[in-house]
Every structure is written in C-alpha cells, then in structure tokens.
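The following exercises are meant to be worked with the sequence and the structure side by side. Each task is followed by a solution in steps.

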Amino acid sequence: MSRVEPGPVVVRADDPRRAEFEARDWHVTARSWGAQLDRRASDPASLRDLVARVADVAAVRELGEGDAPAVLALDAATRDDYPGEVATAHRPLTRDRATPGPSRRAFGALASGELVAMTFLDVDESRAETDFTTVAAPWRGRGLGTAVKAASVLTLVAEGVTRFRTGGSADNGASVAMNRRVGYVLDEEWITMAPPTETETPAAPGGHPGRTTTIWHLAHQSDWRAAIVSGSYRVSTRGASLDDVGFIHGSRPHQLAAVAEFVYAADDEDLCVLVMDEQTIRASGVEVREEDGGDGELYPHIHGPIDPAWVLDVRAAWFDSAGRFMVGEPDVDAAPRPHGPDADPGVWRRSE
Ligand SMILES: CC(C)(COP(=O)(O)OP(=O)(O)OC[C@H]1O[C@@H](n2cnc3c(N)ncnc32)[C@H](O)[C@@H]1OP(=O)(O)O)[C@@H](O)C(=O)NCCC(=O)NCCS
C-alpha cells in the first residue's frame, strides 16, 4: 500500500517547504506570478493613451448590472482559454459573479455594441484585486485587454484605490505583457507541485508524462544554425560559452524580456528564442537546476550542451523601436526541427 498524497499544492517559489516536497519526488507542474501596481507609480497620461488607442476598434466603459447577460456570454465563449493549472484556473461565472456592483467592478470594450473584452476586479476600500481579464478570441492582439485594464486603474485610482494586484500563468505571454504595459510589476513567483502517482509511467527515465515546463533560451540565429549542423549548442549567454560558465542560461517565458533587455539590448545580431521542455532535457540525463541568476530570482540553468532535437520551436526575437523585447508567434511548422549536416536551418522572421 502506498501513502495517499494530497495535491497538487501551490507554494511560493522560494517556500522552504519546496525542498521537502522535492525530496518526496513531488514535481513542478505549473508556474504563476503575482504583480502589483501602486497608485504612486501609475501614470494617468499613458493609461489614458492605452484606452484612447483602441477608440477605432471599440468603446471602453465601466460595466453595470445590465451588462450581466453579455458578461456571461463572453465568459462562456472564453472559459477554456486560460492557460495554467489550479493556481490560475478560471471558474465559470455564476450570475452573481457576473453582475458588477460597488465591490465588484468591471470594465469592458464594446465593438458595434457587442461586449468583446472585459476585466473584473474585487475592490476592498483602497485595494483592488483583478479577478480575471478576457478578450473574445477574434479580438485579441488589438490592445483591448490592455485598454480595459488601463481603464480600471484610471477609474479606481480617481476613487482612492492605492494598490492593485493581479496575477496569472507564467505560460501566458499575452497576460504578462498586458499587465507590464499597464504598469504592474511582477513581485511574486508561485509554483504548483504535484505528488508522484502510481499510475504514471514516465515517458523516459526522469521524464514526467503529460507535464510540460517550458524553458526559453535566447540565441543568436547564427549560433543556432551552427548548432543544427554540428548537432550541439554550447553558448551559455551573450559572449560566454558553456565551457566558460558551466551551464547554459535558461528562463521561464515570463522572465526572458527582462533578461534580454538587460543582456542583449545593444546586440545587432538576429536573435531567436529556443523553446524547450524541461522534462525532455532531464530525460536525456542533463541536469536542469533552479539557480539564482544574480538578481535573487531563480532561473533554470541547463548543465550541459543543448541537443537541437530538444528544441520544440524556434521563435524570432527582436527589440522594437522603444527597446522593448519582442518574441514572434510560434512557428507551428517548425516542430520538431530536423538537425544534422543536411538540414535546412530556415530563417526565423518577426510575425509583425
Ligand atoms: C490575455 C488577454 C486578456 C490579452 O488580451 P489582448 O487584447 O489580446 O492583449 P493586447 O492586445 O492588449 O496585448 C497585450 C500585450 O500582449 C502582447 N501579446 C499579445 N498576444 C501575445 C502572445 N500570444 N504572446 C505574447 N505576447 C502577446 C501584446 O504585444 C501586448 O504587449 P505590448 O503592449 O507590450 O505590445 C487575451 O489573450 C485573453 O483573453 N486570453 C484568454 C484569457 C486569459 O488568459 N486571461 C488572462 C488571465 S486572467
């Protein structure tokens, strides 16, 4: 008889209990983050700008009781679109939770009268906590998510709210970027840990089937092309090799922008992001260690060369005119990339 373990658990990434769970072979199944925006740091002019720039697409306004049917319809259409696991799961709205009120505020964007984006916040005197933000799938990527969040901050700051909190899945690049644009600052990292189960048969030694924990590595496209030909990638980070450092720098998706803007900002070479799955790397016998990147934050360091066969996708990366790090859309045709001397390494282009 084996012990019945509860689970999964969600703990802060730096929680001391994490080591105990790991010693009992619990593993990380998802990562999430928390972020804060303080009224003092909010910039009303730029928030107004974020709302104004969608004026041609939709009308942004606060939602009221009468909007509840449209809220329920948009929630039903998007309820399966939230990435992550228990820590970031979205509970389908009840009529009660879909009805805005004094302590449950909502802001929406309407295109030709149809509700296409909304954000809900629970407000307790001077504090506001975002419950969720969602945009109808055909309307994503046009600034609407950012606009409704910006509108919520503008309105509530004017009413005396001083502290806003939000959070999401580390695999949700759009949500990370949206909140960053509104002025939220990431200040918490959470992990979801699950116990080993008897029914699971690892896909390979050390592998955990059905779980993915993504690692991103920023590379010069020229180095990646050379690795495809040689069958091994050995660059640790800009200007340093695996042999120099002892490991290859990796990041979780939400961590890469800050690293890139710090390390690669003045780099003229074409860049790309190598997308890997941590379990695949571990299954091949190469160690991945969560180590301090020198700024107090933990990053996944790959203690060995990268086998091009681990790379599930290669995404173009660049800096926009304002110096912000951008990552192109996944190249769905790229996985898995062939490697070896005859392989065509291809070119990774921006998706703009
Ligand atoms: C997350 C979500 C609300 C974003 O709304 P949106 O209207 O598509 O986002 P915006 O157009 O305002 O873009 C926000 C930022 O994300 C970036 N972005 C958009 N799509 C992206 C993607 N697929 N990957 C990475 N970044 C992306 C944009 O470039 C923009 O960043 P920038 O201002 O620095 O250029 C929307 O994707 C969604 O509804 N997802 C499903 C529900 C969900 O996950 N909600 C969040 C958790 S509560």
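**Exercise 1. The shell around the ligand**

Of the 23 residues around the ligand, identify those that come nearest, then describe which elements supply the shell and what kinds of residue it holds.

Solution. The model is a predicted one, and the positions discussed here should be read accordingly. Start with the nearest positions: among the 23 residues around the ligand, R140, G145, T146, G173 and A177 come nearest. Next, assign the shell to secondary structure: the elements that give two or more residues to it are β6 (127–135), α4 (144–158) and α5 (173–182). Of these, α5 gives the most, with six residues. Finally, sort the shell by residue class, which yields eight nonpolar, eleven polar and four charged residues.

**Exercise 2. The sheet of eight strands**

Establish the strand order of the open sheet of eight strands, find its edges, and place α4 relative to it.

Solution. Begin with the overall inventory, which comes to nine helices and 17 strands for the protein. Eight of these strands form an open sheet with the order β1-β8-β2-β7-β6-β5-β4-β3, in which the pairing is mixed. The edges are β1 (9–12) and β3 (59–62), since each of them pairs on one side only. Neighbouring strands of this sheet are turned against each other by 25° on average, with direction ignored.

At the β1 edge, β1 pairs with β8 (residues 185–194) in the antiparallel sense over four bridges, and V10 has T192 in β8 as its bridge partner. As a last step, follow α4, which also contributes to the shell around the ligand: this helix lies across β2 (27–38), β3, β4 (104–111), β5 (114–124), β6 and β7 (163–169), and runs at about 35° to β5.

**Exercise 3. The sheet of four strands and its helices**

Describe the open sheet of four strands, and then explain how the buried residues of α8 are arranged and what they pack against.

Solution. The order of this sheet is β9-β13-β16-β17, with antiparallel pairing. Its edge strands are β9 and β17, each pairing on one side only, and the twist averages 30° from one strand to the next. The pairing of β9 with β13 is antiparallel and extends over seven bridges; within it, A219 has C272 in β13 as its bridge partner.

Two helices can now be related to these strands. Helix α6 (residues 221–230) lies across β9, β13 and β16 (313–319), and runs at about 105° to β9. In helix α8 (residues 256–263), the residues L256, A257, V259 and A260 are buried. Viewed down the axis of α8, these buried residues fall within an arc of 165°, and therefore they line one face of the helix. The buried residues of α8 pack against β9 (214–220), β13 (271–277) and β17 (325–327).

**Exercise 4. A hairpin, and the protein as a whole**

Characterise the hairpin formed by β14 and β15, and then state how burial and contact separation come out for the protein.

Solution. Strand β14 (residues 287–292) pairs with strand β15 (residues 298–303) in the antiparallel sense over six bridges, with E287 standing opposite H303 in β15. Five residues lie between the two strands of the hairpin, and G294 in the turn has a positive phi of about 100°.

Turning to the whole protein, buried residues make up 37% of the 352 residues. For contact separation, consider the contacts between residues at least 6 apart in sequence: 73% of them join residues at least 24 apart.

Notes: Residues are numbered from 1 along each chain as its sequence is written. This is a predicted model: local features need pLDDT of at least 70, side-chain atom pairs count only at pLDDT 80 or more; totals for chains, interfaces and linings use all residues. A residue is near a molecule or strand if its C-beta atom, placed from the backbone, lies within 6 Å of it. Ala, Val, Leu, Ile, Met, Phe, Trp, Tyr, Cys and Pro count as nonpolar, Asp, Glu, Lys and Arg as charged, and the others, Gly among them, as polar. A residue is buried if 20 or more other C-beta atoms lie within 10 Å of its own, exposed if 12 or fewer, and partly exposed in between; C-beta atoms are placed from the backbone. The arc is that of the directions from the helix axis to the C-beta atoms. Two residues are in contact if their C-beta atoms, placed from the backbone, lie within 7 Å. Two strands pair if DSSP finds at least two bridges between them. Axes are lines fitted to C-alpha atoms, for helices over the stretch in contact, and angles run from 0 to 180 degrees between N-to-C directions.
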